[in-house]
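User: Please take a close look at one part of this model, the strands at its centre of interest. Walk me through how they pair and what packs around them.

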Amino acid sequence: MMHEYHFFTHSPEETTLLATKMAAQLLPGDVLAMRGNLASGKTTFTQGLTSYFDIAEYALSPTFTYINEYHGKSQDVIHIDAYRLTSGAELITMGIWEYYESGAIIVIEWADIVAAAIPEDAIGMSFRAVAGEDNGREIVIHSPRLLSFFE
Ligand SMILES: Nc1ncnc2c1ncn2[C@@H]1O[C@H](COP(=O)(O)OP(=O)(O)O)[C@@H](O)[C@H]1O
Ligand SMILES: [Mg+2]
């Protein structure tokens, strides 16, 4: 059963705050499969996640420039931007499975492009600009397990 959570944010700061609330509930090995157009807030949300995990070091993988590895004190986060990829097979060739098994939290932007390489139990996220509101973003989360965003 999927649990759906629906949000509207009105600034980048609100999006990063939402991300920190989500980060607090994430577990090692979680995969966040993000969809949404350019500038819809996917990377902004990811920055909220990495700030929650106290990411001190920023490492750009030398071989796989589509993949950024962030090493947190207690949790690693792998950030993948699939925008320039064409299929899930490509991501598999790049060694995505090792990342899935590494205990890192995996964030994948443009997950729809690499759908064939997204695990079934991934947490799906859709980002959308709100018409008529420059800084409005609609963020919908589909999670296979319960999440809570109340304080
Ligand atoms: N509510 C909001 N949430 C996230 N970003 C917003 C919001 N309002 C305005 N923005 C701006 O929209 C842009 C989002 O860019 P980014 O997060 O890189 O999107 P994506 O990774 O989806 O292409 C940033 O310039 C950010 O400042
Ligand atoms: Mg982005």
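Analyst: Start with E2 and E7. This is a predicted model, and in it E2 and E7 run parallel, joined by 4 bridges. Met34 faces Met125 of E7.

E2 also pairs with E6. The sense is again parallel, over 4 bridges. Here Leu32 has Val107 of E6 as its bridge partner. How enclosed is E2? Of its 5 residues, 4 are buried, so E2 is largely enclosed by the rest of the structure.

Now follow E6 to E5. These two strands pair in the parallel sense over 5 bridges. Ile78 is bridged to Ile106 in E6. E5 then pairs with E4, and the sense is antiparallel, with 5 bridges. Ile78 of E5 is the bridge partner of Glu69. E4 and E5 make a hairpin, with 4 residues between them.

Two residues of this region deserve a closer look. Ile108 lies in strand E6. It counts as buried because it has 29 C-beta neighbours inside 10 Å, where 20 or more are needed. Ile108 and Leu32 are 76 residues apart along the chain, yet their C-alpha atoms are separated by 6.1 Å. Beyond its neighbours within four places in sequence, Ile108 is in contact with Val31, Leu32, Ala33 and Met34. Its contacts also include Ile80, Ala82, Val114 and Ile118.

Ile106 is the second. With neighbours within four places in sequence set aside, Ile106 contacts Val31 and Leu32. It also contacts Ile78, Ile80, Tyr99 and Tyr100.

These residues lead to the core. The largest nonpolar core has 35 residues. Those with the most contacts inside it are Leu32, Ala33, Ile106, Val107 and Ile108. Strands E2 (31–35), E4 (67–71), E5 (76–81), E6 (105–109) and E7 (123–129) are among the elements that each give two or more residues to this core. Helices H1 (12–23), H2 (42–52) and H4 (96–100) do so too. In soluble globular proteins, nonpolar side chains tend to be buried together.

Two of those helices matter for the ligand as well. H1 and H2 are the elements that give two or more residues to the shell around ligand 1. Of the 18 residues around ligand 1, Thr15, Gly41, Lys42, Thr43 and Thr44 come nearest. The shell divides into 4 nonpolar, 10 polar and 4 charged residues.

Terms used. Residues are numbered from 1 along each chain as its sequence is written. Chains are lettered from A and ligands numbered from 1 in the order in which they are written. This is a predicted model: local features need pLDDT of at least 70, side-chain atom pairs count only at pLDDT 80 or more; totals for chains, interfaces and linings use all residues. A nonpolar core is a set of buried Ala, Val, Leu, Ile, Met, Phe, Trp, Tyr and Cys residues joined through C-beta atoms within 7 Å. A residue is buried if 20 or more other C-beta atoms lie within 10 Å of its own, exposed if 12 or fewer, and partly exposed in between; C-beta atoms are placed from the backbone. Two residues are in contact if their C-beta atoms, placed from the backbone, lie within 7 Å. Two strands pair if DSSP finds at least two bridges between them. A residue is near a molecule or strand if its C-beta atom, placed from the backbone, lies within 6 Å of it. Ala, Val, Leu, Ile, Met, Phe, Trp, Tyr, Cys and Pro count as nonpolar, Asp, Glu, Lys and Arg as charged, and the others, Gly among them, as polar.
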